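Colleague: I'm new to this one and would like a close look at a single part of it. Could you walk me through one helix and what it touches?

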Amino acid sequence: MMPPAILPVLQLVTLGVIFALLTRRVEKHLAHSPNKFGASDSAHDFVGRVYRVGGAILFIFLLVRMAWPEADRMVGEISVLVQPAVGWGGLIIMAAGSIVIVAAQVRMGLAWRIGLDAEQTGLVTTGLFAWSRNPTFLGMMAVILGAFLTAPTAVTAALLATAWIAFSVQIRMEEEHLLRMHGADYGRYRSTVPRWLIF
């Protein structure tokens, strides 16, 4: 039996609420928003718009398929992946990714930012950051991969590919930013800890 369509929606809602609460906590300490994405035409802000639009499309699609069971078939279902084991595995991957995102956000503490901040921030290298330079992005990729496996369609496949490209661009912008901000300390960290997990 395939997972109920409401489960990935509930996972995203839960993650979104926790993410917002943790971000609000940082905002209170900083007295300004940690969200640094703006509305300019820069590459940085363009990536931010890709995140917002992509996230909205994923959430709306998961809502639609919950109310309309034929939605997957109508948007190009990838039938070879429509199997209970794959679907439930996708939910597990979504849950694991959510845990990684929250753990990384908590570990970053007041250094948490959404986008690039011109102000000096701390360099976090312990916890999950000792294993991956980008555990938050790793967790987000896991969430989107899990959503794809739970609802394998052309829509979720396109969102997964888009996320990989957007995250890869953002990560490289962040690496250049952190190298300018932290110099040799970040250089040493980057040379010893992989960008994702094993590469």
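What follows is a walk along helix α6, with a short look at another pair of helices at the end.

Modeller: Happy to. Keep in mind that this is a predicted model. Helix α6 covers residues 154-182, and a good place to start is His177, which sits in that helix. Is His177 buried or exposed? Its relative accessibility is 13%, and buried means under 20%, so His177 counts as buried. What does its side chain reach? The side chain of His177 gets to the backbone oxygen of Asp117, at 2.9 Å. If you skip the neighbours within four places in sequence, His177 is in contact with Leu116, Asp117 and Ala118.

Asp117 is worth a second glance, since there is a salt bridge here too. Arg113 pairs with Asp117, and their closest N and O atoms are 2.6 Å apart. Both partners, Arg113 and Asp117, are buried. So on one side Asp117 offers its backbone oxygen to the side chain of His177, and Asp117 also forms that salt bridge with Arg113.

Now back to α6 itself for another charged residue, Glu175. Which residue does Glu175 form a salt bridge with? The partner is Arg133, and the closest N and O atoms are 2.5 Å apart. Glu175 belongs to α6, while Arg133 comes from the loop between α4 (84-108) and α5 (135-150), so this pair ties together parts that are 42 residues apart in sequence. With a relative accessible area of 4%, Glu175 is buried. Arg133 is buried as well, at 11%. The pairing doesn't stop there: Arg133, Glu175 and Arg195 are linked in a network of salt bridges. In total the structure holds 7 salt bridges.

Glu175 also turns up where α6 meets the next helix, α7. Helix α7 runs over residues 184-192, and α6 and α7 pack at an angle of about 135 degrees with their axes 6 Å apart. That angle makes α6 oblique to α7. From α6, the residues involved are Glu175, Leu178, Leu179 and His182, and they meet Ala184, Asp185, Tyr186, Gly187 and Arg190 in α7. Sorted by class, this contact has 4 nonpolar, 2 polar and 3 charged residues.

For a contrast, look at α1 and α4. Their axes come within 11 Å and cross at roughly 0 degrees, which makes α1 roughly parallel to α4. Among the α1 residues in that contact are Leu7, Leu15, Ile18 and Phe19, and the α4 residues they meet as a group include Trp88, Leu91, Met94 and Val102. This contact is made up of 14 nonpolar and 4 polar residues, with no charged ones.

Helix α1 does have a salt bridge of its own, though. Arg24 pairs with Glu27, the closest N and O atoms being 3.6 Å apart. Both lie in α1 (residues 6-30), 3 residues apart, which is about one turn of the helix. How exposed are they? Arg24 counts as partly exposed at 42% relative accessibility, and Glu27 is partly exposed too, with a relative accessible area of 26%.

Conventions:
Residues are numbered from 1 along each chain as its sequence is written. This is a predicted model: local features need pLDDT of at least 70, side-chain atom pairs count only at pLDDT 80 or more; totals for chains, interfaces and linings use all residues. Side-chain values use heavy atoms; hydrogens and water are left out. Helices (H or I, at least four residues) and strands (E, at least two) are DSSP runs, numbered from the N terminus. Buried means under 20% relative accessible area, exposed over 50%, partly exposed in between (1.4 Å probe, protein chains only). A polar contact is a pair of N or O atoms within 3.5 Å; within protein, one must be able to donate a hydrogen and the other to accept it, and residues adjacent in sequence count only if both atoms are side-chain atoms. Contact means heavy atoms within 4.5 Å. A salt bridge is a side-chain nitrogen of Lys or Arg within 4 Å of a carboxyl oxygen of Asp or Glu. Axes are lines fitted to C-alpha atoms, for helices over the stretch in contact, and angles run from 0 to 180 degrees between N-to-C directions. Angles under 35 degrees count as roughly parallel, over 145 as roughly antiparallel, 65 to 115 as roughly perpendicular and the rest as oblique. Ala, Val, Leu, Ile, Met, Phe, Trp, Tyr, Cys and Pro count as nonpolar, Asp, Glu, Lys and Arg as charged, and the others, Gly among them, as polar.
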